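Dear colleague,

Please find below the structure that I am handing over to you, together with its sequence. My account of what was found in it follows directly after.

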Amino acid sequence: AVVSTQSTGVVKNKPYFKRFQVKYRRRREGKTDYFARKRLIIQNKNKYNTPKYRLVVRFSNKVIIAQVAYATIEGDKIVCDARSTELPRYGIKTGLTNYPASYAVGLLLARRLNQKYGLDETYTGVEEVDGEEYYVEKEGERGAFYCVLDTGLSKTSSGARIFGVLKGAVDGGLDIPHSSKRFPGYNTESGEYDAGAHRSRILGEHISSYMQSLLDEDEDAYKRQFATYR
């Protein structure tokens, strides 16, 4: 019990500490939001042992990690994995944590996952990047691979890089419930979505314009910041 007195304030006595229950380790470390996780992994009883797939996206200072996983009693099982460190193999050698890289990681994950399950020829996704809204429709007997976005502790501000990964995965042929309201190019006042603005963000035109303006203002600063861009 917590005893409160006017002179000493709140006193936590022995019975209080005997009943104290510590949080889960990953909660204490500030790594997992269990309130959100429970709602992402819980499955209907009548679906028995059917996995509930999640598109897990995490960012570090140098790497973007995208995985498709499902939860079991022993822990999460990874079905497919893609990282921005793989992008130099496909021609993207620098800027491995920006918005274009986020889109590329999502696209790589989607194509790799569809190939694993033999869906790559049925669900080819978007042929050319245009930023338009795209939702996978069922073709033939097998439906598209369905999963939900797991943002973890990342901030879900409009235009955030995590939605670049989402857009790449959707354009790659995955069925992920989403809305264009969180993509770059969406105007909250008019309620309209500008696909062209999103396309320019995916292609990195905002980075190109910033590089040019920095070069005009301060060449030394430009050389320091974009030394790896050749």
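**Helix H5 and its surroundings**

H5 is followed by Gly173, whose phi is positive, near 115°. Please bear in mind throughout that this is a predicted model.

The helix that precedes this glycine deserves a fuller description. H5 covers residues 161-171 and packs on a sheet, where it touches S3, S4 and S6. The direction of H5 makes about 140° with that of S3. Of the 11 residues of H5, 10 are buried, so the helix is largely enclosed by the rest of the structure. The buried set consists of Ile162, Phe163, Gly164, Val165, Leu166, Lys167, Gly168, Ala169, Val170 and Asp171. Lys167 and Asp171 are thus among the buried residues of H5. What do these buried residues pack against? Their partners are S3, S4, H4, S6 and helix H6, the last of which spans residues 195-202.

**The sheet**

The sheet in question is open and has 4 strands, in the order S5-S4-S3-S6, with mixed pairing. Its edge strands are S5 (75-83) and S6 (148-150), each of which pairs on one side only. From one strand to the next, the twist averages 30°.

Two of the pairings can be given in detail. Strand S3 (residues 54-59) and strand S4 (residues 64-72) run antiparallel and are joined by 6 bridges. Within this pair, Leu55 stands opposite Val68 in S4. S4 and S5 also run antiparallel, with 8 bridges between them. Here Ala69 has Ile78 of S5 opposite it. S4 and S5 form a hairpin, with 2 residues between the two strands.

On the edge strand S6 lies Asp150. Is this aspartate buried or exposed? Asp150 has a relative accessible area of 8% and therefore counts as buried, the cut-off being under 20%. Leaving out residues up to four places away in sequence, Asp150 touches Leu40, Arg54, Leu55, Val56, Val57 and Arg58. Leu55, which faces Val68 across the S3-S4 pairing, is therefore also one of the residues that Asp150 touches, within the 4.5 Å contact limit.

**Helix H4**

Two residues of H4 illustrate how this helix meets its surroundings. Ser102 lies in H4 and is buried, with a relative accessible area of 0%. Apart from neighbours within four places in sequence, Ser102 is in contact with Phe59, Ile64, Arg161, Gly164 and Val165.

Ala110 is also placed in H4, which runs over residues 99-116. At 0% relative accessibility, Ala110 counts as buried. Which residues does Ala110 touch, not counting those up to four places away in sequence? They are Gly168, Ala169, Gly172, Gly173 and Leu174. The list includes Gly173, the residue with positive phi that follows H5. The C-alpha atoms of Ala110 and Val165 are separated by 10.0 Å, although the two residues are 55 apart along the chain.

**Cysteines**

A search of the whole structure finds 0 disulfides. Cys80 is in no disulfide, and the nearest cysteine sulfur, that of Cys147, is 10 Å away. Cys80 is buried, with a relative accessible area of 6%. Cys147 is likewise in no disulfide, its nearest cysteine sulfur being that of Cys80 at 10 Å. Because two cysteine sulfur atoms must lie within 2.5 Å to count as a disulfide, a separation of 10 Å leaves Cys80 and Cys147 unpaired. Cys147 has 0% relative accessibility and counts as buried.

**The chain as a whole**

The chain contains 8 helices and 8 strands. Its radius of gyration is 23 Å, well over the 17 Å that the globule rule gives for 230 residues, so the chain is more spread out than a compact globule. Along its principal axes, the C-alpha trace spans about 65 × 60 × 40 Å.

Buried residues make up 33% of the 230 residues. Among contacts between residues at least 6 apart in sequence, 54% join residues at least 24 apart. The accessible surface of the chain comes to about 15000 Å², and carbon and sulfur atoms account for 48% of that surface.

With kind regards

Note on methods: Residues are numbered from 1 along each chain as its sequence is written. This is a predicted model: local features need pLDDT of at least 70, side-chain atom pairs count only at pLDDT 80 or more; totals for chains, interfaces and linings use all residues. Side-chain values use heavy atoms; hydrogens and water are left out. Two strands pair if DSSP finds at least two bridges between them. Axes are lines fitted to C-alpha atoms, for helices over the stretch in contact, and angles run from 0 to 180 degrees between N-to-C directions. Buried means under 20% relative accessible area, exposed over 50%, partly exposed in between (1.4 Å probe, protein chains only). The radius of gyration is taken over C-alpha atoms; the globule rule is 2.2 Å times the number of residues to the power 0.38. Accessible areas come from the Shrake-Rupley method with a 1.4 Å probe; for residues, only the protein chains shown count as cover.
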